[in-house]
Amino acid sequence: MAGPLPAGGPAAGAAGPALANATEGPPLANATEGAPLANATEGPPLADAAGIRAAMEYYARQGWTDGLPVVPVTESYLAEFLARTSLHPDQVVLAMPHLNRECTVRLAAINAAMAGCLPDYFPVVLAAWEALAGDGYPIRGIWQSTTGTAPLLVVNGPVRTRIGLNCAGNVFGSGFRANATIGRAIRLTAINVFGLHPHLLDQATQGTPAKYSACIAENEEQSPWPPLHVEHGFDPDDSAVTAIVIRSCVHIEARHTQVPEQLALDIAGTIRRTGALVHETISALVVLGPEHARLFASAGWGKEDVRQFIYSRAANTRTDLAAVGKDAVSRHTRWRLPADHPDAMPDLASASCDPDLVPVLNSPAAVQVMVAGADNSGVSAVIETFGPRGGPPSIARVGDIDG
Amino acid sequence: MSVCTEPFVPAAQAMARVYGFPAYQFVTMPHPLASLDDAQIQARARDLLPAVLRILGAES
């Protein structure tokens, strides 16, 4: 079959036209199959560009896209992805019961190929789905929320170098196929398989640029500490994907200091910002640049010391919270609201020994710490995450790497 | 009986299609809701009551 494959699941007809109902049939673009593109790395391919465009435009007309062009997928190309895993193509990788929809290995592969992944990336994509399923938030509808979250994938272990995942300069930026397309594979699947189209089942008020793609690797080689997956019980030789629901990525500029307390206060001051407080408390992933990680380590601080310090200092005064109308919580939702609201009840900090100081973190474990970026300046980032507020993040081992 | 603000109508209709009830009727009201005070909420409820009763089949 030379025509493109439908990108959605059995339920996709409810969210978009099925292949059979298209106003015009899929283009038979010979260039999407076989030898011409396979030779692309050796020189300009001899292909019918109009045929390729016709296939890409067909996908766009079906709505099987994040807005950018997608790669047409044929049965033979799909087979290359499925050959990279021992899982059955019909195995479910993530189900959303409230939508009566589920993603199988086959659908995950189609969308990974459409996103521009190479077949060698597919074990990482499958590990990402396992971690996303374990996280708990996506299957409860957080991807449809007005808050506008996105899944951030963090990759650790040897697979990073094997497939060329960037963990150094411009780690949150563009320029690296593995990062760009693995993250995009998740978004295309959300749209095509789960039907989470903006303005319909995706109700994000503004969303986040991370919705296009958000996949980074840890700079393990320039970290003074055990990497994220090892910290949570994996072997250093394991490759693993951590999945975290995120809203914002806020940068920290601190090029001036060699004092660990100053840097940690800058980070804590960013985490505690009142604008991030919808719930009583928040959680964060601190992505330290190598220079900042080394600053802490040189002073004898481990990750746990960083966590403890941030936990103790990421707090607002009761007065500051009252000024923005967030000095109490709802008795129904525990979302923050003013103390004079009819639904208001005191927050947990009100019963502490210092009720006028309100922590934004419920425990040191609400902060995860990792290292990424270039070793060229005192720049780090705080990723504002949606849980877990304590407890380990959801991490899955990458399997079938040699498949 | 589902009540939603107007910006959520497309999402509500999409969910109704997912569950096989494309003609499911909602009571809709203007946005916003969350920031209204007590008196405004009471007024909103009074305004919505006829529509609620109509969908429930209880109008007289």
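How many bridges join strand 8 of chain A to strand 9 of chain A, and in which direction do the two run? I began with this question, keeping in mind that the model is predicted, and I noted the overall scores of ipTM 0.85 and pTM 0.91 beside it.

**Entry on the small sheet**

I found that 2 bridges join strand 8, residues 328-330 of chain A, to strand 9 of chain A, and that the two run antiparallel. Looking along this pair, I saw that Val329(A) stands opposite Arg336(A), which belongs to strand 9 of chain A. I then traced the whole sheet, which is open and is formed by 3 strands of chain A in the order 9-8-10, with antiparallel pairing. Strand 9 (336-337) and strand 10 (344-345) of chain A are at the edges with a single partner strand each, so one side of each has no neighbour in the sheet.

**Entry on the nonpolar core**

Next I looked up the largest nonpolar core, which has 111 residues, and the members that touch the most others are Ala112(A), Val124(A), Val125(A), Ala128(A) and Val241(A). I chose Val124(A) and, leaving aside its neighbours within four places in sequence, listed its contacts as Val155(A), Val159(A), Ile163(A), Ile182(A), Val241(A) and Val398(A). I added a reminder that in soluble globular proteins nonpolar side chains tend to be buried together.

**Entry on Ser248(A)**

I located Ser248(A) in strand 5 of chain A, which covers residues 240-253. Is Ser248(A) buried, partly exposed or exposed? It counts as partly exposed because it has 17 C-beta neighbours inside 10 Å, whereas 20 or more would be needed for a buried residue. Apart from neighbours within four places in sequence, Ser248(A) is in contact with Thr208(A) and Glu384(A). I also checked the C-alpha to C-alpha distance from Ser248(A) to Thr208(A), which is 7.3 Å, although the two are 40 residues apart in sequence.

**Entry on chain B**

I turned to chain B, where I counted 2 helices and 2 strands, running β-α-β-α from the N terminus on. The C-alpha atoms of chain B fill a box of roughly 35 × 30 × 10 Å along the principal axes, and buried residues make up 2% of its 60 residues. Among the contacts in chain B between residues at least 6 apart in sequence, 56% join residues at least 24 apart. Its mean pLDDT is 91, and 97% of the residues of chain B reach 70 or more.

**Entry on the contact between the chains**

Last, I looked at the contact, which takes 8 residues from chain A and 7 residues from chain B. The side of chain A that touches chain B has 5 nonpolar and 3 polar residues, and no charged residues.

Definitions and conventions
Residues numbered from 1 in each chain as written. Chains lettered and ligands numbered in written order. Predicted model: local features only at pLDDT ≥ 70, side-chain atom pairs only at ≥ 80, totals over all residues. Helix = DSSP H or I, 4+ residues; strand = E, 2+ residues; numbered from the N terminus. Buried ≥ 20, exposed ≤ 12 C-beta atoms within 10 Å, placed from the backbone. Contact = placed C-beta atoms within 7 Å. Pairing = 2+ DSSP bridges. Nonpolar A, V, L, I, M, F, W, Y, C, P; charged D, E, K, R; others polar. Core = buried A, V, L, I, M, F, W, Y, C linked by C-beta atoms within 7 Å. pLDDT = per-residue confidence, 0-100.
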